[in-house]
Amino acid sequence: MKTLKPQPLNPQSYISLIHTSSPIQKQDTVRFDKIVARLQGDYPNTKVFNIHATAGQPSYLSGSERERLKNFRHAIKKSNWLLPVMGGTGCEDIIRHLDDHDLRDIIKNRPIVNGFSDTIFLINYLYLKIKLQTFHYTNAMNLFQYKNSQIFFEVLQGIRNELIFHERDYSWLTEAPTKPITGIALGGNMSTFRDLLDICDLRPRSWEPYILFVEEVGMDVEDLHRLIIALDERGLFKHIRGLVIGDMDQKIFTLDLRRYHFSYTSHQENMDNLFEYVLGDVIKKRNLEGDPLFMLKVSNLGHFVKNNPMIIPIGAPTTLHPDGHIHFQGPFVE
């Protein structure tokens, strides 16, 4: 199936702000109103699909599954940009119910779709199901928070046709490749990506074309270990062309490593790099087969990134260069 690229953003575009997951906190309502006003100033056809609270609704959800799904289906009828308001919890509730009719509406309109945190469920689902190229970037609540938000808008408008990221502290966890690694970008929050594969039972014909980007938050070493195993069991690490590892909530990770150092001193050296340790057999086998799994550690992918968060066009041609810089090739809209 040919990759579908979203239509470029322009002043006439219909932007739909949708509640897929957690609600806006009361202290953030003024900030959200300013974001909406700024969008409406540049794009008059901006609409917020509001949610009405119901009795017994959990406080961590913006609304019932039924109402969130209803709003989502309403939005996809005409949207040029599906813009999730928040991440958190709940996106999987509604995306698992999308049917062929819903997907036909999305294919027809080719909307821009971005997401971060649990809304990577949506962006990866749309790429794996209908090959719509989407964007791993902040949800609406932080849309104008980062200095590179202007770059994101230039991508959506078709002004910018490539993205290059390279920070001084990027480093190869494995030996650096001798030549560029090329593939297709996929991934985001690691546990949400695992949930997507399980809940929707998504099985690409092969994982070989992909470069997987991962980050995680609030997960200790033991849970991260299980998560790596769960993805390994699906054959990802045996076949992907490269693995880009963002922040894994370094505070929790470091505290756990210290705890296990005191309890299991003999394992200190191996626990310095959990991915290398858990995937040791896969790495050795691939090295013997002449098909190494290259792993690049990056600093601007994750929940606590303050500056220049990576914009990942899901489904775009991607190159990992030996010096560590990452190149996403457009055009990203058409």
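Helices (H or I, at least four residues) and strands (E, at least two) are DSSP runs, numbered from the N terminus, and the expected span of a helix is 1.5 Å times one less than its number of residues. By that reckoning helix α8 (residues 221-233), with 13 residues, reaches 18 Å from its first C-alpha to its last, close to the 18 Å expected at 1.5 Å a residue. This is a predicted model, in which local features need pLDDT of at least 70 and side-chain atom pairs count only at pLDDT 80 or more, while totals for chains, interfaces and linings use all residues. Residues are numbered from 1 along each chain as its sequence is written, and side-chain values use heavy atoms, with hydrogens and water left out.

**Helix α8 and its ends**

- The buried residues of α8 (buried being under 20% relative accessible area, exposed over 50% and partly exposed in between, with a 1.4 Å probe and protein chains only) are Val 221, Leu 224, Leu 227, Ile 228, Leu 231 and Asp 232.
- These residues cover an arc of only 135° around the axis, which puts them on the same side of α8; the arc is that of the directions from the helix axis to the C-beta atoms.
- At the start of α8, a side-chain oxygen of Asp 220 comes to within 3.2 Å of the backbone nitrogen of Glu 222.
- Just after α8, a positive phi of about 85° is found at Gly 235.

**The sheet of eight strands**

- Eight strands, in the order β6-β14-β13-β8-β9-β10-β11-β7, form an open sheet with mixed pairing, where two strands pair if DSSP finds at least two bridges between them.
- The edge strands of this sheet are β6 (162-165) and β7 (171-172), each of which pairs on one side only.
- Strand β6 pairs with strand β14 (residues 326-329) in the antiparallel sense over four bridges, and Glu 162 stands opposite Gln 329 in β14.
- In a regular strand the side chains alternate between the two faces of the sheet.
- Along β6, Leu 163 and Phe 165 point to one face and are buried, while Glu 162 and Ile 164 point to the other and are not.
- Strand β8 (residues 181-189) and strand β13 (residues 317-320) are antiparallel and pair over four bridges, with Thr 318 in β13 as the bridge partner of Gly 183.
- Strands β9 and β10 run parallel and are joined by four bridges, and Leu 212 stands opposite Leu 243 in β10.
- Strand β10 (residues 242-245) sends Gly 242 and Val 244 one way and Leu 243 and Ile 245 the other way, and all are buried.
- Four bridges also join β10 to strand β11 (residues 294-297) in a parallel pairing, where the bridge partner of Ile 245 is Lys 297 in β11.

**Helices lying across the eight strands**

- Helix α5 (residues 120-130) lies across β8 and β9 (210-215), running at about 140° to β8; axes are lines fitted to C-alpha atoms, for helices over the stretch in contact, and angles run from 0 to 180 degrees between N-to-C directions.
- Helix α7 (residues 190-199) also lies across β8 and β9, and runs at about 95° to β8.

**The sheet of six strands**

- Six strands form an open sheet of mixed pairing in the order β2-β1-β3-β4-β5-β12.
- Strands β2 and β12 (312-314) stand at the edges with a single partner strand each, so one side of each is left without a neighbour in the sheet.
- The twist averages 25° from one strand to the next.
- Three bridges join strand β5 (residues 134-136) to β12 in the antiparallel sense, and Thr 134 has Ile 314 in β12 as its bridge partner.

**Helix α2 and its surroundings**

- Helix α2 lies across β1, β2 and β3, running at about 160° to β2.
- In α2 (residues 65-75), the buried residues include Glu 67, Arg 68, Leu 69, Asn 71, Phe 72 and Ala 75, and what covers the buried residues of α2 includes β1, β2 (46-49), β3 (81-84), α3 (91-95) and α5.
- Ile 94 is found in helix α3 and is buried, with a relative accessible area of 1%.
- Not counting residues up to four places away in sequence, Ile 94 touches Thr 20, Glu 65, Arg 68, Leu 69 and Phe 72, contact meaning heavy atoms within 4.5 Å.
- His 19 is found in the loop between β1 (15-18) and α1 (29-42), and counts as buried at 11% relative accessibility.
- Leaving aside neighbours within four places in sequence, the residues in contact with His 19 include Ile 24, Val 48, Phe 49, Ser 62, Arg 68 and Val 85.

Note on methods: Polar contact = N/O pair within 3.5 Å; in protein donor to acceptor, adjacent residues only side chain to side chain.
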